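Subject: Structure handed over, with notes

Dear colleague,

I am passing a structure on to you, and below it you will find my notes on what was found in it. Please keep the structure open while you read, so that you can look up each residue as it is named.

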Amino acid sequence: MKRRAFVKGLALGAATAASGLIAPRILAAEKTVKVGVLHSLSGTMAISETVLKDIDLMTFEEINRKGGVMGHRIVPVVVDPASNWPLFAEKARQLLTVDKVAAVFGCWTSVSRKSVLPVFEELNGLLFYPVQYEGEELSYNVFYTGAAPNQQAIPAVEYLMSEDGGGAKRFFLLGTDYVYPRTTNKILRYFLHSKGITDADIEEVYTPFGHSDYQTIVANIKKFAGGGKTAVVSTINGDSNVPFYKELGNQGLKATDIPVVAFSVGEEELRGVDTKPLVGQLAAWNYFMSLKNPVNTAWKAEWAAYTKRKKLPYADRPLTNDPMEASYVGIHMWKQAVEKAGSFDVDKVIAAVGGQKFSAPDGFTIEMDPHNHHLHKPVFIGQVRADGQFDVVWKTKGPIKAQPWSPYLPEDKGKKEIAVKMTKKT
Amino acid sequence: MAKLHIFASVMRVVLALLALAALGLARPALALDTAVVHKLAFAETSEDKIAAINALVESGDEQAEPLLKALLAGSVQTSGDRVLIINGSTAIDAVTGEKISPVPADASDVVLNNRIRGVLDSAVSALRLVSHDRATRLKAARELADDPRAAALPVVDRALARETDPEIKGLLRIVAASVHLHAGSKIERLAAIRTLASSGNSKTETLLLPLVAKKPDGSWAEPDAEIRVAAQTSLADVRGRLAWGERIGLLFAGLSLGSILMIAALGLAITYGLMGVINMAHGELIMLGAYATYVVQNLFHAYAPGAFDWYLVAAVPTAFAVSGIAGMILERTVIRWLYGRPLETLLATWGISLMLIQAVRSVFGAQNVQVDNPSWMSGGVQALPNLVLPYSRIVIILFAAAVVAGIWLLLTRPRLGLYVRGVTQNRAMASCLGVPTARVDTLAFGLGCAIAGLAGCALSQIGNVGPALGKGYIVDSFMVVVLGGVGQLAGTVYAGIGLGLVNKLIESWSGAVIAKIAVLVFIIIFIQKRPQGLFALKGRAVEA
């Protein structure tokens with residue numbers, strides 16, 4: 001194994017040296033492939049999405065260094081949809097029709113994904129979506145490398161109900177007001193009903209995007225908790241998380257009394273928060289930076305080196321998180337699929353992505369489901385440490401299969417988990 | 001009197017020492033039980049770990065406290081079969097007390113879940129009940145009352161027998177009562193329920209509720225009617241006390257939001273209210289103030305980390321100056337040429353706001369920047385058992401009040417204030433009397449913008465600081481000024497506080513989204529009734 005790596009390294013070194021000698025001619029004849037990066041670099045979602053753009057660029061660089069995709073050098077086209085949902089659709093159309101990219105990596109919020117979906121289906125594009133989401137969707141043109149509800153939300157709530165998680169009897173569902181929190185909470189409500197918890201013990205509260213005054217809500221959580229052991233399930237997205245956690249800390253709500261489990265808060269979101277009062281608060285993800293395995297160690301080192309080389313603002317404290325890992329895995333799945341298909345043609349690549357395997361930083365070799373366009377992923381529940389990292393307190397034995405159609409929703413009964421190509425209306 | 005007091009406290013210390021000595025005599029100090037410590041560090045299930053913690057607490061061993069405290073602080077690691085308490089680069093073996101330096105490379109953290117951490121919290125509090133210091137004991141008793149657990153009972157009973165301080169005694173009685181509530185004889189339970197009636201803790205409600213609950217089949221969960229009635233009475237008492245905490249909390253939240261709205265709108269009350277300039281870049285001047293605070297914070301981080309807690313003292317005048325100078329430049333170069341043309345002013349200042357946003361984005365990046373609170377602004381004061389008032393919000397309310405007082409003084413006392421009012425009321429006459437109207441305009445506009453900078457400094461302490469910060473406040477600011485009555489400073493104060501209270505009141509029973517909509521609808525109806533409110537051609541604009 002070592003020897004092979006050595007030989008490869010030699011070959012690569014020789015190739016680099018050769019290309020250095022006759023660079024101009026090689027460059028002129030070099031084959032390239034364009035891919036799109038569609039993440040908000042400004043606005044309320046920039047806190048979460050900017051780093052995904054950077055990890056995408058790092059992954060492209062890594063692939064290019066190793067010879068590109070089928071010998072084609074990846075040329076990224078980065079656009080900024082500015083946390084503006086209609087602008088996402090516009091930028092997606094631009095990427096597919098003007099830049100003619102082979103694939104797009106992007107979106108964070110479900111509202112942005114819903115906004116670009118018709119564009120990808122109409123133009124038969126290819127989107128890799130790297131963030132956990134609410135499910136209830138299966139598009140031929142999209143691969144979902146983040147978690148479906150059964151890979152994140154449901155295990156997290158099961159944990160809260162277990163004795164180790166605090167044995168919660170009442171649930172305060174708090175989210176930002178858009179499709180992901182609303183749908184997730186709908187699924188959770190059905191799930192909780194199936195566990196014998198009545199509507200009187202479930203409270204659902206939403207705030208607008210960018211909300212910054214959580215005084216009343218934290219006071220209401222306290223009041224609600226008077227009625228029995230309570231847990232908060234937070235689907236707050238974007239920079240609202242900072243004032244929310246600040247308020248929790250200031251009002252002295254401790255995780256041992258009222259645990260908060262978040263589905264959109266990772267290492268990156270906690271960067272701007274004093275985490276000492278938050279020790280013990282929970283997050284459910286499919287990857288944590290603190291996981292100990294050789295792939296993760298190497299990946300973290302690669303990212304740290306990249307941030308230094310590019311002088312990125314987070315170079316002094318490079319963090320990795322779940323959507324970054326999902327982005328990284330998604331790009332590699334695409335590369336492998338292109339090489340298997342032997343073509344950049346969208347239909348051929350889509351047919352080849354299913355069944356691809358990749359040794360991921362979460363410590364497992366994870367597989368893209370052959371039919372439902374979702375990854376099989378392990379689930380981890382982490383607890384905030386004083387240094388802003390997470391300790392894993394619960395995990396599944398191995399990767400579990402995604403259920404994009406929730407078995408708890410009555411309207412999902414009998415839906416098929418096979419992505420079918422939209423036929424163009426004539 | 002003072003002598004007596006000293007005597008009493010000396011006596012108390014002596015008594016405590018005697019009690020401690022007696023305890024020590026009764027239980028000779030032993031090294032920690034290896035099996036128990038190993039169970040604590042290596043056990044797979046939470047049950048085993050909790051059993052180990054309880055064993056340590058009940059042993060009353062002096063060495064138990066440092067170990068449990070270290071565990072809670074996350075500084076216990078394991079290496080091979082050794083359990084280490086980490087202290088910087090050295091470690092102490094928890095069983096033998098042997099010093100180990102450096103810490104072995106393979107040492108890994110002992111991970112706790114919330115259930116174990118909760119038990120550990122009350123265990124450490126229980127151990128602290130024997131402290132000589134009254135404040136420490138009081139704090140420990142409060143923590144225990146917050147989270148009463150059966151395991152702490154033997155320690156609590158021992159402490160109750162020894163304790164002389166009435167406040168601590170009362171708290172400890174509540175702890176004991178909470179434990180006795182579900183286990184114990186009928187007389188014990190009734191006594192426990194009555195003791196609990198005096199508690200103002202929201203946990204008490206949780207404790208009592210099961211006693212008055214009904215099972216799904218309609219029968220009472222608690223078979224004894226006498227206990228049920230007693231619980232009902234106690235519950236009503238507790239709820240009455242909790243309701244006060246909630247009401248005061250709501251009032252405080254409204255006041256806090258009101259003070260934020262007011263401070264954001266005050267600058268606009270001068271530039272728009274007094275001078276009649278529709279300044280759409282007002283929000284961006286707030287943002288400039290927030291970024292000025294950020295820069296000052298970074299300078300302190302880099303050059304004076306020791307004085308970091310006091311960086312706001314430097315940040316407030318800096319924010320004031322930065323936004324003020326920006327405002328004066330704005331007035332001299334753009335706004336001055338557009339007096340009396342509100343529509344053009346609106347468009348020009350809106351364009352400037354976009355330029356300022358883009359400028360900040362180019363310099364500081366599009367992402368939010370992190371502004372840290374000084375340590376004295378984190379946390380809060382426990383006003384009532386179920387009410388914590390965060391320091392940061394208290395400081396901002398006081399700051400807003402100080403700014404209002406400052407502006408009021410500035411507009412009524414010195415010559416500049418006289419000039420500003422004079423020019424506002426009758427420009428031609430003021431000019432005839434030798435008032436340099438052009439300079440007064442610049443200074444007044446600069447003052448309004450400088451106050452926006454102060455608002456930015458305040459907002460940076462509670463919200464996010466990013467290029468879009470101003471956009472969130474511009475609408476709110478205009479709402480406050482229009483509602484308060486254009487041209488009136490006092491109106492802005494009333495309107496700011498009033499909108500804050502109304503917003504929080506609606507939010508408490510309909511949620512944040514509806515509250516925001518309701519306030520907007522209210523403003524729209526208001527403008528319908530008083531159309532002269534918004535964009536009224538008043539003051540300067542009419543004369544021109």
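What follows is a walk through the model, from one chain to the place where two chains meet and then to some single residues.

Please bear in mind from the start that this is a predicted model, and that the values below were computed from it.

**Chain B as a whole**

Chain B has 544 residues, of which 46% are buried, and its secondary structure comes to 22 helices and seven strands. If you take the contacts in chain B with a separation of 6 or more, 70% of them are between residues 24 or more positions apart.

**A hairpin in chain B**

A good place to begin looking is strand β6 of chain B, residues 380-384, which pairs with β7(B) in the antiparallel sense over four bridges. The two strands are joined by a hairpin through two residues, and within this pairing B:Gln382 has B:Val388 in β7(B) as its bridge partner.

Are the faces of strand β7 of chain B covered, and which residues lie on each side? In a regular strand the side chains alternate between the two faces of the sheet. In β7(B), residues 387-390, both faces are covered, with B:Leu387 and B:Leu389 buried on one side and B:Val388 and B:Pro390 buried on the other.

**Where chain B meets chain A**

In the interface, 51 residues of chain B are in contact with 51 residues of chain A. The area buried between the two chains is about 3600 Å², and carbon and sulfur atoms give 44% of that area. Of the area that chain B buries against chain A, 16% is supplied by B:Asn114, B:Gln367 and B:Asn464, which is more than any other three residues supply.

The polar side of this interface can be counted as well: there are 14 residue pairs in polar contact across it, both residues being at pLDDT 80 or more. On the side of chain B that touches chain A, helix α11 (residues 225-274) gives the most, with six residues, and the residues of that side divide into 16 nonpolar, 21 polar and 14 charged.

**Salt bridges between the chains**

Between chain B and chain A the count is six salt bridges, while over all chains it comes to 37. One residue to find here is B:Arg393, whose side chain meets that of A:Asp213 in a salt bridge at 3.8 Å, N to O. B:Arg393 also forms a salt bridge with A:Glu247, where the closest N and O atoms are 3.1 Å apart. B:Arg393 lies in helix α15 (residues 391-412) of chain B and A:Glu247 in helix α9 (residues 241-250) of chain A, so this pair joins two chains. Both B:Arg393 and A:Glu247 are buried.

**Salt bridges within a chain**

In chain A, the closest N and O atoms of the salt bridge between A:Arg113 and A:Glu137 are 2.9 Å apart. Because A:Arg113 lies in helix α5 (residues 110-123) and A:Glu137 in the loop between β4 (127-129) and β5 (142-144), the pair ties together parts that are 24 residues apart in sequence. A:Arg113 counts as buried, at 0% relative accessibility, and A:Glu137 is buried too, with a relative accessible area of 4%.

In chain B, B:Glu65 forms a salt bridge with B:Lys69, and the closest N and O atoms are 3.1 Å apart. Both residues lie in helix α4 (residues 64-73) of chain B, four residues apart, which is about one turn of the helix. B:Glu65 is partly exposed, with a relative accessible area of 22%, and B:Lys69 is partly exposed with 38%. Elsewhere, salt bridges that share partners join A:Asp213, A:Glu247, B:Arg393, B:Lys504 and B:Glu507 into one network.

**Two more residues to look up**

B:Val482 lies in helix α19 (residues 471-484) of chain B and is buried, with a relative accessible area of 5%. Its C-alpha atom is separated by 13 Å from that of B:Asn279, although the two residues are 203 residues apart along the chain.

A:Arg73 is found in strand β2 (residues 73-79) of chain A and counts as partly exposed, at 34% relative accessibility. Leaving aside residues up to four places away in sequence, A:Arg73 touches A:Glu30, A:Lys31, A:Thr32, A:Val33 and A:Asn64.

With best wishes

Key: Residues numbered from 1 in each chain as written. Chains lettered and ligands numbered in written order. Heavy atoms only, no water. Buried < 20%, exposed > 50% of the residue type's maximum accessible area, 1.4 Å probe, protein only. Pairing = 2+ DSSP bridges. Contact = heavy atoms within 4.5 Å. Buried area = accessible area lost by both parts, 1.4 Å probe. Salt bridge = Lys/Arg side-chain N within 4 Å of Asp/Glu carboxyl O. Polar contact = N/O pair within 3.5 Å; in protein donor to acceptor, adjacent residues only side chain to side chain. Nonpolar A, V, L, I, M, F, W, Y, C, P; charged D, E, K, R; others polar.
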